[in-house]
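Please open the model in the viewer and keep the sequence panel visible. The tour below proceeds by selection, stating at each stop what is to be found.

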Amino acid sequence: MQRESLLEIKNLKVYFYLEEGIARVLEGISLGIKEGEFFALVGESGCGKTIFGLSILNLVPAPGKIVEGEINFAGKNLRSLSKKDWQALRGKEITMVFQEPLAFLNPVLSIGVQMTEMLNTHLKMNKREARLKALELLKNVGLAHPALIWESYPHQLSGGMRQRVMIAMSLSCGPKFLILDEPTTALDTTIQAQILELILRIKKETRLTALFITHDLAIVEGIADKVAIMYLGKLVETGKTEEIFQNPFHPYTRKLFACLLELNRPKTFLNAIPGQVPEAINRPAGCPFHPRCERKIEICVKEFPPETESSETHRVWCYNPFYR
Amino acid sequence: MLENAQITILEVKDLKKFFPLKRGLFYKTVGYIKAVDGVSFSLRQGKTLGIVGESGSGKSTLAKLLIKILEPDAGEIFFRDKEITSLPEREFRKLRKSLSIVFQDPFSSLDPRFTVEKIILEGMELLKENKAEKRKRVFRLLEMVGLSYDALERFPHEFSGGQRQRISIARALASEPELVILDEPVSSLDLSIQAQMINLLIELQEKLKLSYIFIAHDLRVIRHLSDEVCVMYRGKILERAFSEEIFQNPLHPYTQTLFSSIPFIGKKTFISQTVTVEEEKPEDRLCRFLPRCGKKKTLCEENEPFLKEVLPHHFVSCWQC
């Protein structure tokens, strides 16, 4: 039986109107995330991953604008919501954990005040109830002294603690959908392991649906059910995690794997991707990856390839993929 | 080549750096942060010593001590048999060009008002070369780090993170150093760019016979580049061995925790042995890792362990090993 998608995005386009011209940051993204699914979005920085996360929450910063496309969440069209409806939805049903928590926590308010505010707004809890609930949440994310954290200000906490606080906060109102934007990139590997372990536990316990944004394929395998590879505002390959990991079709996906350091092969030359992601304002014509692609053929320069399905779930957008 | 490998280029003995903690109205010293607390190691020419540790372990302080940005409180640093901590500034300047450093953040470590050419030329100030020679070398350096000549007239802000780190490396190599200290040179970069930089670092080391001190918190990077590894925790070295040995046979509980947290393809869980992130402050006279250690015994609560050789060239500071 096919489950309905909780989040369904069709042909999403986000453009930034700059003085120098129009930067096409997202150029027609379509994907569906089913309830209880963990979906990983992978790509280098500058590919539009974060903007994609922000556009779900209608938080695209100016001068960016969603110019086209549909975003449906639990049967609601998010693009036609009023400001008031958004306030009820954001933070309650859909929440986001940001890469750098310090930038999104209020530096002059204690953690307690910030958590109370959220619980009060969305769940109409009074101060006492909110405190109890918040302390429980802080404990659940593995913070040993929740009462101390409650009184602290963001700058008094370490990076790992702040990230936990962010996760506790984003889970506080029982969201249906969680967006995690590089939640562990800035952290030490030991703390990264703990945070990922925590996210996995929450996933198991609450059947949470999530979009996990990252550039590190090594952590995707353990956490995601499905993976989408993004390059310059376009999806280039999507599929179940096993499919992508066992059989990556797109040259870009292969290259991302090649960038990972293998523990048993020290001091070897890495088959890195040459060059870097071009700026969205100078999008190459055709397939955006073609200037860095070793397998490009004539047509890649002119036209973006159509979707090819190799299984019901595994799709690739490439004229010269690795299968056959 | 073999003979070179036997030459010790850098030797550090019992290095210490404490930062006073000042509090209250009269700014009284109430305690010390022991950023580097009795660190010893040596590095052979043409090799890479990896120093790994979590944030707050004192890695960056150590880097700064090694090139005398900071003065140590105790200990000795021998660079090619010359003790440099007690060397007067004028004497040290002669050696200074043989030591270089690349910092973690390519955004704040390049002067925004300097063109790339000026940045690299500045690194050559201590060399006795004429202008034409220097200019020629700037071109060669750019080529070596994979930047095009039109970069010369541009300013740092016009470059991406990876390109800036290339500029930093070019500047570090400008004085023709023998030893380069790399303080988290790739950790602010994307994995794809990180791979390019690692290739570059390996290539340069082979070409110029450089010795590296490579400081990082990412074990995958350390494993890829290092010949020998020191594991640091709260100012102390807890374990030291050749890279091959330490990765196959980590002995210290902290090293084991650290290694078990490395993500890689095929690993489906993330279990790390640490219980909580917050730790109680460890006592100075005991093992620094004690509050987080899962294997402690009574002896650990009584005496501080010291670095001892438990296997050939494998040093561990732990009572359990």
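**First stop: a bridge at the sheet edge**

Select A:Asn72 and A:Asn77: the latter, in strand 5 of chain A, is the bridge partner of the former. Strands here are DSSP runs (E, at least two residues), and helices are DSSP runs too (H or I, at least four residues), both numbered from the N terminus. This is a predicted model, in which local features need pLDDT of at least 70 and side-chain atom pairs count only at pLDDT 80 or more, while totals for chains, interfaces and linings use all residues. Residues are numbered from 1 along each chain as its sequence is written, chains are lettered from A and ligands numbered from 1 in the order in which they are written, and side-chain values use heavy atoms, with hydrogens and water left out.

**The sheet**

Next, select strands 4 and 5 of chain A, which pair in the antiparallel sense over two bridges; pairing requires that DSSP find at least two bridges between two strands. Extend the selection to the open sheet of four strands, whose order in chain A is 2-1-4-5, with antiparallel pairing. Strand 2 (21-34) and strand 5 (76-77) of chain A stand at the edges with a single partner strand each, so one side of each has no neighbour in the sheet.

**A surface patch**

Within strand 4 (residues 64-73) of chain A, select A:Val67. A:Val67 is partly exposed, at a relative accessible area of 30%; buried means under 20%, exposed over 50%, and partly exposed in between (1.4 Å probe, protein chains only). Add A:Tyr17 and A:Ile22, which together with A:Val67 make a nonpolar surface patch of about 220 Å². Patches consist of residues with over 30% relative accessible area and no salt bridge, nonpolar side chains (Val, Leu, Ile, Met, Phe, Trp, Tyr) being joined within 5 Å and like charges within 9 Å. A salt bridge is a side-chain nitrogen of Lys or Arg within 4 Å of a carboxyl oxygen of Asp or Glu.

**Helix 1**

Now select helix 1 (residues 49-56) of chain A: seven of its eight residues are buried, so this helix is largely enclosed by the rest of the structure. The buried residues include A:Phe52 and A:Leu54. After helix 1 of chain A, select A:Asn58, whose phi is positive, near 55°.

**The whole chain**

Finally, select chain A, which has 10 helices and 12 strands. Its C-alpha atoms fill a box of roughly 65 × 50 × 50 Å, taken along the principal axes. Buried residues make up 56% of the 324 residues in chain A.

Methods. Areas by Shrake-Rupley, 256 points an atom, 1.4 Å probe, with all protein chains shown as cover.
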